[in-house]
Amino acid sequence: MCRFPPGSKNNPKTGFQKNINETLKPNQPKPSKLNNIPSLMENELKLEEIYKKIGDFDHKSFLEGAKKAFEIIITAFNNGDKKTLKSLVSKDVYTAFVSAIDSSSNNPNSQFYSLVVDSIEDAKAENGKITISVKFISEQMIDNKEDSIVKNQDVWVFEKLIKSSSPAWILIST
């Protein structure tokens, strides 16, 4: 095997070499994940607050999970599935859902037609918790009839402990 000296014409660069000239100057701050706020859509700008305080926050994963949670929670509510609701919502929200189910305010014949995250209404990281308010626009169809589509607008507030390693968020307000 033939080795070429660094900087030699015969030593092709692959892009994987470390550039010895890219060292930090003594008073230069080290790069931080906290400074790497990704490009956010206009309706997501409030999430900058979370990125400033939580370097490994991933808004795409959060929003994807929030949509899934919305569908699961609404479907569980419509079907009167209290067991599923209990693990996804706070005690106060659970009590409100159970009360509505017990008074037959839910509709088991309702199913999702569409769901969109319209905007982030608020986002905070304080007192050891991350709290994010999400505005959803959903359409639900009754009895599989497209002419019975009902459009709803909801703001849901999700929360989780900052130090939690679990990906799960709890719905604390609707």
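Here is a short conversation about the fold, helix H4, the sheet and the aromatic pairs of this predicted model.

The model is predicted: local features need pLDDT of at least 70, side-chain atom pairs count only at pLDDT 80 or more, and totals for chains, interfaces and linings use all residues. Residues are numbered from 1 along each chain as its sequence is written, and side-chain values use heavy atoms, with hydrogens and water left out.

Reader: Glad to start with the overview: what pattern does the protein chain follow along the sequence?

Author: Helices (H or I, at least four residues) and strands (E, at least two) are DSSP runs, numbered from the N terminus. The protein chain has four helices and four strands. Read along the sequence, the pattern is α-α-α-α-β-β-β-β.

Reader: In what order do the strands of the open sheet lie?

Author: Two strands pair if DSSP finds at least two bridges between them. The edge strands, each pairing on one side only, are E1 (110-126) and E4. The pairing in this open sheet of four strands is antiparallel, and the order is E1-E2-E3-E4.

Reader: How many bridges join E3 to E4?

Author: Let's go through the sheet pair by pair. E1 and E2 pair in the antiparallel sense over 14 bridges, and E2 is joined to E3 by 13 bridges. Between E3 and E4, one bridge pairs Val 157 with Ser 173 in E4. The number of bridges joining E3 to E4 is three.

Reader: Which residue in the turn between E2 and E3 has a positive phi?

Author: E1 and E2 form a hairpin with two residues between them, and Asn 127 in that turn has a positive phi of about 55°. E2 and E3 also form a hairpin with two residues between them. In the turn of the E2 and E3 hairpin, the residue with a positive phi of about 55° is Asp 143.

Reader: Is Ser 138 buried or exposed?

Author: Buried means under 20% relative accessible area, exposed over 50%, and partly exposed in between (1.4 Å probe, protein chains only). Ser 138 sits in strand E2, where 10 of the 14 residues are buried, so E2 is largely enclosed by the rest of the structure. Contact means heavy atoms within 4.5 Å, and Ser 138 touches several residues beyond four places away in sequence, including Phe 70, Phe 112 and Val 150. At 0% relative accessibility, Ser 138 counts as buried.

Reader: Now to helix H4: how far apart are its end C-alpha atoms?

Author: The expected span of a helix is 1.5 Å times one less than its number of residues. With 12 residues (91-102), H4 should span 16 Å, and the model agrees with this. The end C-alpha atoms of H4 are indeed 16 Å apart.

Reader: Within what arc do the buried residues of H4 fall?

Author: The buried residues in H4 are Val 93, Tyr 94, Phe 97, Val 98, Ala 100 and Ile 101. Seen down the helix axis, they line one face of H4, because their directions fall within an arc of 160°. The arc is that of the directions from the helix axis to the C-beta atoms. On the face turned away from this buried side are the exposed residues Lys 91, Asp 92, Thr 95 and Asp 102, so the arc asked for, that of the buried residues, is 160°.

Reader: Which strand do the buried residues of H4 pack against?

Author: The buried residues of H4 pack against two helices, H2 (59-78) and H3 (82-88). H2 itself lies across E1, E2, E3 and E4. The strand that the buried residues of H4 pack against is E4 (170-173).

Reader: What kind of aromatic pair do Phe 62 and Phe 158 form?

Author: Rings of Phe, Tyr and Trp (its six-membered ring) pair if their centres lie within 6.5 Å; planes under 30 degrees apart count as stacked, over 60 as edge-to-face and the rest as tilted. A search of the whole structure finds 11 aromatic pairs. With centres 6.1 Å apart and planes at 85°, the pair of Phe 62 and Phe 158 is edge-to-face.

Reader: How many residues apart are Phe 62 and Phe 158?

Author: Both Phe 62 and Phe 158 are buried. Phe 62 is in helix H2 and Phe 158 in strand E3 (residues 145-161), so the pair links distant parts of the chain. Their separation is 96 residues.

Conventions:
Axes fitted to C-alpha atoms, helices over the stretch in contact; angles between N-to-C directions.
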